[in-house]
Amino acid sequence: DSAEQLVRGVHRWADVVAEAGLVAGAAGRPPWLLYVHFMDPHVDYRAPLAWRSEAARAASSALDGSARALHRRLAAGPPLDPAELAQLKRLYAAEVAYLDSALERLVVGLRARGVLDDATLVVVSADHGEQLGEHGGFEHGDLHRENVAVPFLLAGAGLGPGRIRGTASLIDLGPTVLDVVGVAPDAEAEGRSLFSSGSADVADDARPGGRAATVFSEYGERLRVEQADWVLLIDGPDAARLFDREADPGERVDVASRHPEVVARLRAEATRHRERPVRRAESPAWSLDHRSREALRALGYGD
């Protein structure tokens with residue numbers, strides 16, 4: 001199972017670091033960055049049996065958590081019934097619980113080896129959520145809330161308990177981390193530190209200068225625009241749906257026809273976003289071997 005293997009691998013790295021005397025508080029220990037990429041929770045939903053609820057283990061559904069079984073069932077029709085949906089959600093919940101435990105083992109192990117201490121900043125986030133039939137789809141094929149609302153957690157480095165009010169974006173992650181560790185963010189970065197006000201209690205949807213925060217999420221040609229109480233999902237040049245986040249947090253009722261002025265304003269924001277100049281860093285030319293290419297294709301990434 002990938003999470004357990006990954007934790008063991010990180011702990012082996014930490015053993016080497018500790019043996020070299022580069023433990024917390026050691027004189028001359030250089031700054032370090034450790035990036036750990038878990039694939040759980042993610043289809044396949046195949047957490048070890050110990051993490052599955054009694055109901056999940058007892059279910060008679062042909063949906064075993066694998067992508068193959070899910071795709072076969074969806075192709076065969078009819079739509080999944082309530083019992084099948086409940087089983088998928090149980091299997092996904094088991095994956096979340098399993099990852100939660102793996103994160104605990106990861107941090108506890110690093111602390112026990114002297115690599116991590118209270119001054120270390122720990123960040124937990126994700127690139128997407130998961131949809132389980134809420135809007136008719138599965139895995140992560142659209143831009144509804146269940147796919148874009150992801151963890152954004154920071155702990156350690158002297159941070160006290162707190163919660164950011166308003167809408168944050170993963171584009172703010174880099175500037176926020178740099179701010180916490182005392183490095184000035186790039187002045188040309190699009191994101192901003194969530195602690196720029198000097199407190200974790202950041203004003204609702206406020207950017208420096210008082211401009212309302214507009215958050216964009218992109219998936220292929222589709223675009224999600226969030227601003228204040230509104231969400232606009234742009235599915236094409238002439239296709240857009242508008243949702244009231246306050247009255248309809250589940251994004252069930254399209255109110256675009258009732259608020260054409262809001263649609264026009266958010267479409268204008270989307271146009272500015274897509275036409276903005278984007279600075280691209282130069283990267284060295286390199287190629288992947290055949291095995292790496294096939295592994296990426298298996299994860300859904302093409303050439």
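**Exercise 1.** In this predicted model, determine how E4 and R8 are placed relative to each other in helix α1, and decide whether their side chains form a salt bridge.

*Solution.* Begin with the positions: E4 and R8 both belong to helix α1, which covers residues 2–19, and because they are four residues apart in that helix, about one helical turn separates them. Next, consider the distance between the charged groups, for which the closest N and O atoms of E4 and R8 lie 3.9 Å apart. Since the cut-off for a salt bridge is within 4 Å, the pair of E4 and R8 is accepted as one. Finally, look at the surroundings: E4 has a relative accessible area of 23% and is therefore partly exposed, while R8, with 42%, is likewise classed as partly exposed.

**Exercise 2.** Locate E226 and R245 in the chain, and work out whether each of them is buried or partly exposed.

*Solution.* The contact itself comes first: E226 and R245 form a salt bridge in which the closest N and O atoms are 2.6 Å apart. This pair links distant parts of the chain, given that E226 sits in strand β6 (residues 222–227) and R245 in the loop between β8 (239–244) and α7 (260–275), with the two positions 19 residues apart in numbering. For the accessibility step, buried means under 20% relative accessible area, so E226, at 9%, counts as buried. R245, in turn, has a relative accessible area of 25% and is partly exposed.

**Exercise 3.** Describe the salt bridge between R241 and D235, and then state which residues are joined into one network by salt bridges that share partners.

*Solution.* The side chains of R241 and D235 meet at 3.0 Å, taken from N to O. R241 is partly exposed at 27% relative accessibility, and D235 is also partly exposed, with a relative accessible area of 36%. Turning to the network, R224, E226, R245 and E251 are joined into one by salt bridges that share partners. To place these contacts in context, a search of the whole structure finds twelve salt bridges.

**Exercise 4.** Identify the residues that form a nonpolar patch on the surface together with M39, and say where M39 is found.

*Solution.* The patch is made up of M39, L296, L299 and Y301, which together have about 350 Å² of accessible area. Within the chain, M39 is found in the loop between α1 and α2 (54–58). Patch members need over 30% relative accessible area, and M39, which is partly exposed, has 32%.

Technical notes. Residues numbered from 1 in each chain as written. Predicted model: local features only at pLDDT ≥ 70, side-chain atom pairs only at ≥ 80, totals over all residues. Heavy atoms only, no water. Buried < 20%, exposed > 50% of the residue type's maximum accessible area, 1.4 Å probe, protein only. Patch = residues over 30% accessible without salt bridge, like charges linked within 9 Å, V, L, I, M, F, W, Y side chains within 5 Å. Areas by Shrake-Rupley, 256 points an atom, 1.4 Å probe, with all protein chains shown as cover.
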